[in-house]
Amino acid sequence: MVKSNQKEFRKRDFFYLVPLWLLSLIVPDADDLYSYRSKEFKRRELYYLGALLLLPLIWPDPHLHHLMVLAGIYAILALGLSLFLGYAGQISLGHAAFFGIGTYTTAILTTRYAFPPFLAFWASAFVAAIVAYLIGRPILKLKGYFLALATLGFGEIFLVIVSESQSLTGGVIGIFGIPWFSIGGFSFDTYLKQYYLTWGVLLGLFLFSKNLVRSKLGRALLAVASGEDAAASIGINVAQVKIGVFVTSAAFAGFAGSLFACIMSTANPEAFGLNLSVLIVMMVILGGMGNLYGPVFGSVLLTYLMDILSRYQEWSLPIYGVILILLLIFFPDGIGTRLGIRLIYLIGYWAKKKKRDEGKP
Amino acid sequence: MNFWTPIPQLLSSGITIGAIYALVALGFVTITRASQIINFAQGEFVMLGGVITFFLLKGSNLPYPLSALIAMTVVVMIGFLLQLLVIYPLRKASVLILIMATLGASIFLSSTSGMLFGTLPKTLPPFSGEEPLQIWGVTILPQSIWVLGTTFLLLIVLYLLSHRTLLGKAMEASSTDPLGADLLGISRNLMVFLAFGVSAGIGAIAGILITPIFFTSYNSGTLLGLKGFIAAVLGGWGKNSGAILGGFALGIVESLSMAFIPSGYKDAVAFAILLLILYFRPKGILGSPFIDSRRW
């Protein structure tokens, strides 16, 4: 009786541990990879980069390429949000609106005024940043639940304005026929080219954020997140730091929105609702707050999850809600964070449990 | 047509929808008074109240009062389950995690309801007759009077519950000073559990009252919940009287705004009010017991 019990335990141990161990090899760990001291690229980061470069070549599946393009766009969004949410500790549920502003700026400029997409790309980020500055001045003095609600309200107002001002944005129907992204006559018209475009932009923004968080502003962000009064008392202008990071993250969202417009070639208000904002925040949470690899990993994970769920049609949203809650309950600090250490705890727990069971008469 | 002609009519419809906002706001306030949590799935209780009553009335041919009662019980059970399965495991989590978890619950509830009961908008027959009353040239539906009366009644019940019973005092104690309440032997988890039940019940009543006037569909809960929250902030966060005042104020302003701007912008009005109130007077009209203690 006892023996069979033990055997069962061993089997189950194996069942849980192998996937967890594999996951801990792939998933970037915030504490391990990004510390204050690491200035240069580590070898592991070069592996990630190499894998990203080679992935579409060794796996020539257009669907996968398209998913990775989407994941890249979401990763840009989540990267921007992680500066605001993960580093500065502020909550925003309105980031889909900045994404939408980016998309609509590109859509209107390229289809109505025949701007080249490259110029529209910068204009989108600029417009999103200006709107963020105007919105951020009043609402960033709020905290917690009320900041979340105010940003959410901003997102809803954006949706209403977009669907009602039909002469400018095409209303509920949206704008069609946005040209491909192109630089100097080179058009990004296949999934493979778009993949390299998106992840190239992401890489540039990633390096920018990596330097940003190690700058004076980055340190100030961490100080603001851990305590605003303390940060103010050591001479940090809290309001200015908050508005700075809000504008930066909105500009990231503007870049992402512009790419989204050029790749999807349509702009439609349905894509920028509360669900997208929730999705982006989830990407940041699941990746692990306060590190830069997290949002990228989280966006890839959730994009794939959404793709798998979309096969179940009407079941997809209920399952999504349940998975969301379960992930929040079991991985509130992010999936990758201290996975190795947690694995050791788990093994220790099982060993103790086994000992306890053996000690019983 | 004179500009002032539609104003009394808009006022009366604003008061009706304001009563519903007030009820949703009361649901938020009930939970906050017990635990400082904000439940973003509050609007789904309203939606579920209407949709389940419709399902019982049309699908199972139960009598109206019975189906309303069963729907209320079911929604209260859902509120209890929400607390047990989502809020209780996350009782030590940060504000952000709680917001996301309740939003996840809201996605789950609305999409499940769409799957089980269909995605078409639903409406119920009015409680007593469809003959509109004419008072001073203003058309008033009998259902509006039902809505106002029930809101008034619920307000009295809630006032008695929170100010005249030991339970209400215990709930308030566990919110304002959790450690002190623990030392006095008040179970904080039990208080939050009961508050979720009461709040879900209020939401369900609001849903049953509103469905005969406005259509309720599986995705209408989120917006109603947000507007109820705006009403609670507008009146004074954490106060029952504030929730009622804010609800009526929001309903009337939103309704009157239709005389001046295109009706498509109606939803933006509420959120614009939210941004203004949060900027100029975050305490709300009546002031708030929770906000003075924090720095803004």
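Is G27(B) buried or exposed? With a relative accessibility of 0%, G27(B) is buried, because that value is under the 20% cut-off for burial. Please keep in mind as you read that this is a predicted model.

## Around G27(B)

Let us stay with this glycine for a moment. G27(B) is part of helix α1 of chain B. Leaving out residues up to four places away in sequence, G27(B) touches Q42(B), S199(B) and I202(B). You can also look for T102(B), which is 75 residues from G27(B) along the chain. The C-alpha atoms of G27(B) and T102(B) are 14 Å apart.

## Empty spaces inside

Rolling a probe the size of a water molecule over the atoms shows where empty space is left. In this structure there are six cavities of 30 Å³ or more, and the largest cavity has a volume of about 110 Å³.

Which residues line the largest cavity? They are T30(B), R33(B), L158(B), L161(B), S162(B), G168(B), M171(B), E172(B), V198(B) and N240(B). Four residues of this lining are nonpolar, four are polar and two are charged. Three helices of chain B, namely α1 (7-35), α5 (142-164) and α6 (166-176), each give at least two residues to the lining of the largest cavity. Helix α1 of chain B is also where G27(B) lies.

## Where the two chains meet

How many residues does each chain bring to the contact? Chain A brings 42 residues and chain B brings 43 residues. Together, chain A and chain B bury about 3800 Å² between them, and 84% of this area is on carbon and sulfur atoms. Three residues are worth finding on chain A: Y145(A), F146(A) and L149(A) supply 23% of the area that chain A buries against chain B, more than any other three residues.

## A tour of chain A

Chain A has 361 residues, of which 53% count as buried. Its secondary structure consists of 16 helices and four strands. Among the contacts in chain A between residues at least 6 apart in sequence, 77% join residues at least 24 apart.

The table lists some residues of chain A with their relative accessible areas.

| Residue | Relative accessible area | Class |
|---|---|---|
| S277(A) | 4% | buried |
| Q90(A) | 4% | buried |
| L140(A) | 5% | buried |
| S265(A) | 22% | partly exposed |
| A114(A) | 62% | exposed |

Start with Q90(A), in the loop between α4 (62-87) and α5 (95-112) of chain A. Q90(A) counts as buried because its relative accessible area of 4% is under 20%. The side chain of Q90(A) reaches the backbone oxygen of A88(A) at 3.1 Å. Not counting residues up to four places away in sequence, Q90(A) touches several residues, including F84(A), L147(A) and K242(A).

Those three names come back with L140(A), in the loop between α6 (117-139) and α7 (144-164) of chain A. With the same limit on sequence neighbours, L140(A) touches F84(A), L147(A), K242(A), I243(A) and F246(A). For a long view across the chain, compare L140(A) with E358(A): these residues are 218 apart in sequence, and their C-alpha atoms are 57 Å apart in space.

Next comes S277(A), in helix α13 (residues 274-287) of chain A. A polar atom of the side chain of S277(A) is 3.3 Å from the backbone nitrogen of A96(A). Apart from residues up to four places away in sequence, S277(A) touches L93(A), G94(A), H95(A) and A96(A).

## Two backbone angles to look at

Most residues other than glycine have a negative phi. Which value does phi take at A114(A)? A114(A) has a positive phi of about 55°, although it is not a glycine. A114(A) sits in the loop between α5 and α6 of chain A. A114(A) counts as exposed because its 62% relative accessibility is over 50%.

S265(A) has a positive phi too, near 60°, and S265(A) is also a residue other than glycine. You will find S265(A) in the loop between α12 (238-264) and β4 (266-267) of chain A. At 22%, the relative accessible area of S265(A) makes this residue partly exposed, because the value falls between the 20% and 50% cut-offs.

How values were computed. Residues numbered from 1 in each chain as written. Chains lettered and ligands numbered in written order. Predicted model: local features only at pLDDT ≥ 70, side-chain atom pairs only at ≥ 80, totals over all residues. Heavy atoms only, no water. 1 Å grid on protein atoms, 1.4 Å probe; cavity = no way out; pocket = protein on both sides within 12 Å on 5 of 7 lines; lining within 4 Å. Points joined across faces, edges and corners; volume = space filled by probe spheres on them. Nonpolar A, V, L, I, M, F, W, Y, C, P; charged D, E, K, R; others polar. Buried < 20%, exposed > 50% of the residue type's maximum accessible area, 1.4 Å probe, protein only. Polar contact = N/O pair within 3.5 Å; in protein donor to acceptor, adjacent residues only side chain to side chain. Contact = heavy atoms within 4.5 Å. Buried area = accessible area lost by both parts, 1.4 Å probe.
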